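Could you look over the structure shown here before reading on? The points below are written for someone who meets it without prior acquaintance.

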Amino acid sequence: MLLCVLFSGVARAGQRIACPMMVDVRQVTVESPAGWTGIYGPSGTRPLLGAEAIFTTGSLRDSWGELRDPPTVKKKGGAVIETKYPLPPERELGKWIICHYGESLYQAMKLPTATKECAVTYNREYTDSASKKPVYRVADITCK
């Protein structure tokens with residue numbers, strides 16, 4: 001089982017959050033059964049691909065909660081996309097910002113229980129020449 005590299009810190013409500021721009025895959029560990037040694041094959045670094053806010057009632061290793069209300073997405077002229085994630089008010093839920101790096105590789109930061117919403121803004125960087133699709137990168141994350 002590949003375990004994601006998770007660094008938890010405490011973000012303050014109303015704070016801007018910056019996902020690490022790159023993750024070195026040497027930080028990845030694999031949990032193995034007795035008598036086995038886990039190996040994660042890829043080398044190098046993985047760039048930040050996206051982010052989302054989630055909640056969970058248990059560990060991040062358990063299934064992540066689904067948002068009651070779907071995130072709202074606003075496009076601004078095709079150059080900027082903003083996604084807002086409403087988080088439930090229950091105090092017992094763990095609330096997290098999750099940064100994606102591909103290949104099931106994530107970084108997570110625990111949010112204060114009072115956090116009500118996170119917004120992730122993506123800027124269009126370029127258009128992929130092969131697929132002709134725009135490529136967006138995380139520009140800003142704000143939670144309140």
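What follows is a set of numbered points, going from the chain as a whole to single residues.

1. Please keep in mind throughout that this is a predicted model. The protein chain holds zero helices and twelve strands, and, read from the N terminus, its elements run β-β-β-β-β-β-β-β-β-β-β-β.

2. Some totals help to set the scene for the protein chain. Of its 144 residues, buried ones make up 34%, while the accessible surface comes to about 8,800 Å², with 54% of that surface belonging to carbon and sulfur atoms. Among contacts between residues at least 6 apart in sequence, 61% join residues that are at least 24 apart.

3. An open sheet is formed by three strands in the order 6-9-10, with antiparallel pairing. Its edge strands are strand 6 (50-56) and strand 10 (106-111), each of which pairs on one side only. On average, and with direction ignored, neighbouring strands of this sheet are turned by 25° against each other.

4. Within that sheet, strand 6 and strand 9 (residues 94-100) run antiparallel and are joined by seven bridges. A reader who wishes to find this pairing in the model may start from A53, whose bridge partner in strand 9 is I97.

5. Strand 7 (residues 72-76) and strand 8 (residues 80-86) also pair in the antiparallel sense, here over five bridges, and K75 stands opposite I81 of strand 8. The two strands form a hairpin with three residues between them, and in the turn G77 has a positive phi of about 65°.

6. Strand 8 is joined to strand 11 as well, by seven bridges, and these two strands run antiparallel. One place to see this is V80, which has N123 as its bridge partner in strand 11.

7. Is T121, which has a relative accessible area of 15%, buried or exposed? T121 is buried, because its relative accessible area of 15% falls under the cut-off of 20%. The residue has its place in strand 11 (residues 117-127), and, not counting residues up to four places away in sequence, T121 touches V80, I81 and E82 as well as R137, V138, A139 and D140.

8. Y136 lies in strand 12 (residues 134-143). Leaving aside neighbours within four places in sequence, Y136 is in contact with G78, A79 and I81, and also with Y122, N123, R124 and E125. With G78 there is a polar approach to inspect, since a polar atom of the Y136 side chain lies 2.8 Å from the backbone oxygen of G78. Y136 and L49, although 87 residues apart in sequence, are 8.2 Å apart in space, taken from C-alpha to C-alpha.

9. S32 offers a case outside the strands, having its place in the loop between strand 4 (29-30) and strand 5 (45-47). S32 counts as partly exposed because its relative accessible area of 30% lies between the cut-offs of 20% and 50%. Once neighbours within four places in sequence are left aside, S32 is in contact with T37 and G38, and the S32 side chain reaches the backbone nitrogen of G38 at 2.7 Å.

How values were computed
Residues are numbered from 1 along each chain as its sequence is written. This is a predicted model: local features need pLDDT of at least 70, side-chain atom pairs count only at pLDDT 80 or more; totals for chains, interfaces and linings use all residues. Side-chain values use heavy atoms; hydrogens and water are left out. Two strands pair if DSSP finds at least two bridges between them. Helices (H or I, at least four residues) and strands (E, at least two) are DSSP runs, numbered from the N terminus. Axes are lines fitted to C-alpha atoms, for helices over the stretch in contact, and angles run from 0 to 180 degrees between N-to-C directions. Contact means heavy atoms within 4.5 Å. A polar contact is a pair of N or O atoms within 3.5 Å; within protein, one must be able to donate a hydrogen and the other to accept it, and residues adjacent in sequence count only if both atoms are side-chain atoms. Buried means under 20% relative accessible area, exposed over 50%, partly exposed in between (1.4 Å probe, protein chains only). Accessible areas come from the Shrake-Rupley method with a 1.4 Å probe; for residues, only the protein chains shown count as cover.
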